[in-house]
Structures are given as structure tokens and as C-alpha cells.
Amino acid sequence: MNVVKKISLFALVASLTVACGDGKKKDAEEGVAVDTTQVVVDTMAVEKSTTIVDVAAGNEDFTTLVAAVKAAGLVETLSSEGPFTVFAPTNEAFAKLPAGTVDNLLKPENVEKLKGLLTYHVVAGKFDAATVTDAITKGKGKYTVTTVQGGKIDLSIKDGKVVLTDANGKSAVVVMADVAASNGVIHAIDSVVMPK
């Protein structure tokens with residue numbers, strides 16, 4: 001709602017309140033029982049908080065990631081206040097893993113391994129593209145982040161794109177940056193990075 005509409009709404013509410021108040025006063029003077037309780041209804045729409053999980057669930061490129069987050073029991077964590085930066089593998093990124101890897105990770109007996117893998121893609125704090133690029137520049141071409149899992153990922157820039165290098169020397173490229181959420185930011189990546 002823009003400022004003009006908000007001001008108009010407040011002016012309308014104020015004039016109605018004054019008008020209603022005058023009527024009640026007159027009724028009270030005439031000895032009529034008057035209910036003086038006022039209920040003010042906020043007609044402005046309240047925007048729903050869209051957490052990292054909400055944003056990912058609303059994007060068809062992250063269905064595998066969302067299924068994994070649910071299986072690992074991380075929905076509540078990634079819906080909490082944060083802020084978090086998530087390097088989110090797309091469905092295509094998960095499809096690059098050897099056949100059967102995702103199905104195996106989704107089994108209940110592998111929940112801890114799945115949690116470790118997923119939290120390796122999460123960094124505490126909000127690091128948008130500008131912040132990451134600046135940190136890489138200040139770090140003379142490399143910026144190392146510590147993930148929620150505890151492992152480290154090196155960030156660098158190649159051909160104008162941010163590249164993640166995992167603990168095993170494998171790389172992933174950020175293919176979509178700065179997907180905003182109420183509790184952080186998502187950067188989509190083209191490969192799954194792996195902790196040691």
C-alpha cells in the first residue's frame with residue numbers, strides 16, 4: 001500500500017472516529033445506553049514472512065533440496081530467524097550425483113549424513129552477492145567461509161561468476177544469486193558440494 005493510500009486510510013478512520021464519538025456523546029447526554037468499546041480493524045495487508053524454506057518450496061528448481069531438507073528434519077532450523085546464506089543445489093545439481101545417491105541419502109538411517117551434507121551448504125549470516133564479491137576481492141581472489149556443518153568452502157570468481165570449492169577440491173558455480181528471504185538469502189548452485 002503506498003503512502004498516499006495509507007494517509008487517506010488514516011484520515012478516513014480518524015474522521016469516522018470523530019463522527020462516531022460525537023454521536024455517542026449526544027446519545028449519552030440523552031440517557032441512552034451506549035457501547036463505548038471501539039474496535040479498530042487494520043485493513044492493511046500483512047505480508048507473510050517468506051523464509052528460506054518457503055522460498056525454496058515455491059521454486060520448482062529446488063524440489064529435491066526441499067525433500068532433502070524435510071527428510072533431514074531441517075525445516076524448523078532453516079525457517080528460524082537466522083540470518084542464513086544458503087548455497088542451494090538445484091534439481092540439476094542433485095541429478096549430477098551418482099545414480100542412487102539422493103535416494104540413499106533420503107533413507108531414515110542416513111539422516112545424520114544428510115544433515116551434514118545440507119548444513120555444509122549453509123553459512124550463518126547474510127552474504128549477498130555484493131558482500132561475497134567484495135570479500136573475494138579483499139581476500140585477493142579467495143574468501144573462505146565456515147559452514148554451519150563446520151567445514152569450510154572457498155569462494156572465488158571465475159569468468160564473472162562466484163565459484164565454490166569444497167573440502168575435496170570439487171567446484172560449483174553460482175547460477176542465480178540473491179534470492180531474498182525473510183531470514184537470509186539463497187544463491188542457487190549447479191553442483192552439490194561435499195564435506196570431507
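A residue is called buried when its relative accessible area is under 20%. In this predicted model, Asn 183 has a relative accessible area of 3% and is therefore buried.

**Figure 1. Asn 183 in the loop between strands S6 and S7****.** The hairpin that joins S6 to S7 passes through two residues, and Asn 183 is found in the loop between these strands. With a relative accessible area of 3%, Asn 183 falls in the buried class. Its side chain reaches the backbone oxygen of Leu 78 at 2.8 Å. Leaving out residues up to four places away in sequence, Asn 183 touches Thr 51, Ile 52, Leu 78, Ser 79, Ser 80, Glu 81, Gly 82, Pro 83 and Phe 84. Leu 78 thus appears both as the residue whose backbone oxygen is reached and among the residues touched by Asn 183.

**Figure 2. The whole protein, with eight helices and seven strands****.** The protein has 196 residues, of which 33% count as buried. About 11,800 Å² is exposed, and carbon and sulfur atoms supply 57% of that area. Of the contacts with a separation of 6 or more, 63% come from residues 24 or more positions apart.

**Figure 3. The open sheet of seven strands****.** The strands follow the order S2-S1-S7-S6-S5-S4-S3, with mixed pairing. S2 and S3 stand at the edges with a single partner strand each, so one side of each lacks a neighbour in the sheet. On average, and with direction ignored, neighbouring strands are turned by 30 degrees against each other.

**Figure 4. Antiparallel pairing from S4 to S7.** Strand S4 (residues 152-158) pairs with strand S5 (residues 161-165) in the antiparallel sense over five bridges. Within this pairing, Leu 155 has Leu 164 of S5 as its bridge partner. S5 also pairs in the antiparallel sense with strand S6 (residues 171-181), over three bridges, and here Leu 164 stands opposite Ala 172 in S6. Leu 164 therefore takes part in the view twice, as the bridge partner of Leu 155 and as the residue opposite Ala 172. The hairpin of S5 and S6 has five residues between the strands, and Gly 169 in this hairpin takes a positive phi near 85 degrees. S6 and strand S7 (residues 184-189) run antiparallel and are joined by five bridges; Val 174 stands opposite Ile 189 in S7. In a regular strand, side chains alternate between the two faces of the sheet.

**Figure 5. Thr 85 in strand S1 and its contact with the backbone of Phe 127****.** Thr 85 lies in strand S1 (residues 84-89). Its relative accessible area is 0%, and Thr 85 is buried. The side chain of Thr 85 reaches the backbone nitrogen of Phe 127 at 2.7 Å. Apart from its neighbours within four places in sequence, Thr 85 is in contact with His 121, Val 122, Val 123, Gly 125, Lys 126, Phe 127, Val 185 and His 187.

**Figure 6. The aromatic pair of Phe 127 and Tyr 143****.** One aromatic pair is found in a search of the whole structure. Phe 127 and Tyr 143 form this pair, which is tilted, with 6.5 Å centre to centre and 55 degrees between the planes. Phe 127 lies in the loop between strand S2 (122-124) and helix H8 (129-138), whereas Tyr 143 lies in strand S3 (residues 143-146), so the pair ties together parts that are 16 residues apart in sequence. Tyr 143 counts as partly exposed, at 26% relative accessibility.

**Figure 7. Phe 94 in helix H5****.** Phe 94 is found in helix H5 (residues 91-95) and counts as buried at 6% relative accessibility. Phe 94 is in contact with Thr 64, Leu 65, Pro 89, Val 102 and Val 192, leaving aside its neighbours within four places in sequence. Ser 191 is 97 residues away from Phe 94 in sequence, yet the two are 6.8 Å apart in space, C-alpha to C-alpha.

**Figure 8. Buried residues of helix H7 and their cover****.** In helix H7 (residues 111-119), Leu 114, Gly 116, Leu 117, Leu 118 and Thr 119 are buried. The elements that cover these buried residues include helix H3 (63-71), helix H6 (101-105) and S2.

Key:
Residues numbered from 1 in each chain as written. Predicted model: local features only at pLDDT ≥ 70, side-chain atom pairs only at ≥ 80, totals over all residues. Heavy atoms only, no water. Phe/Tyr/Trp six-rings, centres within 6.5 Å; stacked < 30°, edge-to-face > 60°. Helix = DSSP H or I, 4+ residues; strand = E, 2+ residues; numbered from the N terminus. Buried < 20%, exposed > 50% of the residue type's maximum accessible area, 1.4 Å probe, protein only. Contact = heavy atoms within 4.5 Å. Pairing = 2+ DSSP bridges. Axes fitted to C-alpha atoms, helices over the stretch in contact; angles between N-to-C directions. Areas by Shrake-Rupley, 256 points an atom, 1.4 Å probe, with all protein chains shown as cover. Polar contact = N/O pair within 3.5 Å; in protein donor to acceptor, adjacent residues only side chain to side chain.
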